[in-house]
Amino acid sequence: MTQPLLVLILAALLQMAQMLIPGYYMTRTPGGRAWNASPRDADRKPGIEEGRAARAFENHDRNLLLFAIAALAIHATGQATWWTGLLAWAYLLARVAYVPAYILGWVPWRSLIWTVSFAAIGLLLLAALV
């Protein structure tokens with residue numbers, strides 16, 4: 001298994017873990033547990049951490065597709081090298097760091113961390129073309 005493909009699997013596991021984080025914060029807010037158990041017909045305003053966790057999840061959701069294309073292209077074309085492995089790991093580590101950076105409101109670090117993951121995807125896509 002190539003490093004980009006391994007990291008893709010780990011990034012999918014991170015995505016699954018991130019699905020749980022907003023719910024954790026929701027149950028800590030007044031009425032959140034009851035709303036979570038309800039059919040959710042009425043809107044509710046999320047707490048700060050819950051909203052940030054949900055937005056971090058949505059951001060990973062969008063970026064994971066691009067990373068998947070890059071990782072699968074590298075794997076399928078046999079372009080896996082130490083460089084593409086390093087880029088894949090840089091992507092994953094940045095995505096892991098992005099979660100607390102977003103939830104805790106680390107400015108400007110959140111944006112810089114996101115830039116690392118986005119740049120890694122772009123470089124992987126370029127490497128797949130070579």
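Five aromatic pairs are counted in this predicted model, and two of them repay a closer look. Tryptophan 82 and tryptophan 83 make an edge-to-face pair, with ring centres 5.9 Å apart and planes at 70 degrees to each other. The two partners sit in unlike surroundings: tryptophan 82 has a relative accessibility of 68% and counts as exposed because the threshold for that class is over 50%, whereas tryptophan 83, at 36%, is partly exposed.

Tyrosine 98 and tyrosine 102 form another edge-to-face pair, here with 5.6 Å from centre to centre and 80 degrees between the planes. Both tyrosines belong to helix H4 and lie four residues apart, about one turn of the helix. As a general point, an α-helix has 3.6 residues a turn, so residues three or four places apart point the same way. Tyrosine 98 has a relative accessible area of 2% and tyrosine 102 one of 15%; both are therefore buried, the limit being under 20%.

Each of these tyrosine rings also has an arginine over its face. Arginine 95 lies over tyrosine 98, at 4.5 Å from the ring centre, and arginine 110 lies over tyrosine 102, at 4.6 Å from the ring centre.

Attention now turns to the nonpolar interior. In soluble globular proteins, nonpolar side chains tend to be buried together. Here the largest nonpolar core has 20 residues, and Leu8, Phe67, Tyr91 and Leu124 have the most contacts inside it. Helices H1, H3, H4 and H5 (109-129) each contribute at least two residues to this core, with the largest share, six residues, coming from H3. Leucine 124 illustrates the packing well: setting aside residues up to four places away in sequence, leucine 124 touches Phe67, Ala70, Ile74, Thr84, Leu87 and Ala88. A second, separate core of six residues includes Tyr98 and Tyr102, together with Ala101 and Ile113; the tyrosines of the edge-to-face pair described above thus reappear in this smaller set.

Helix H1 completes the picture. This helix runs over residues 3-27, 25 residues in total, and reaches 37 Å from its first C-alpha to its last, close to the 36 Å expected at 1.5 Å a residue. Its buried residues are Pro4, Leu5, Val7, Leu8, Ala11, Leu14, Gln15, Gln18, Pro22, Tyr25 and Met26. The cover over these buried positions includes helix H2 (32-37), helix H3 (48-77) and helix H4 (82-103). Leu8, one of the buried residues of H1, is also among those with the most contacts inside the largest core.

How values were computed:
Residues are numbered from 1 along each chain as its sequence is written. Side-chain values use heavy atoms; hydrogens and water are left out. The expected span of a helix is 1.5 Å times one less than its number of residues. Buried means under 20% relative accessible area, exposed over 50%, partly exposed in between (1.4 Å probe, protein chains only). Contact means heavy atoms within 4.5 Å. Rings of Phe, Tyr and Trp (its six-membered ring) pair if their centres lie within 6.5 Å; planes under 30 degrees apart count as stacked, over 60 as edge-to-face and the rest as tilted. A charge sits over a ring if NZ of Lys or CZ of Arg is within 6 Å of the ring centre and within 35 degrees of the ring normal. A nonpolar core is a set of buried Ala, Val, Leu, Ile, Met, Phe, Trp, Tyr and Cys residues joined through side-chain atoms within 4.5 Å.
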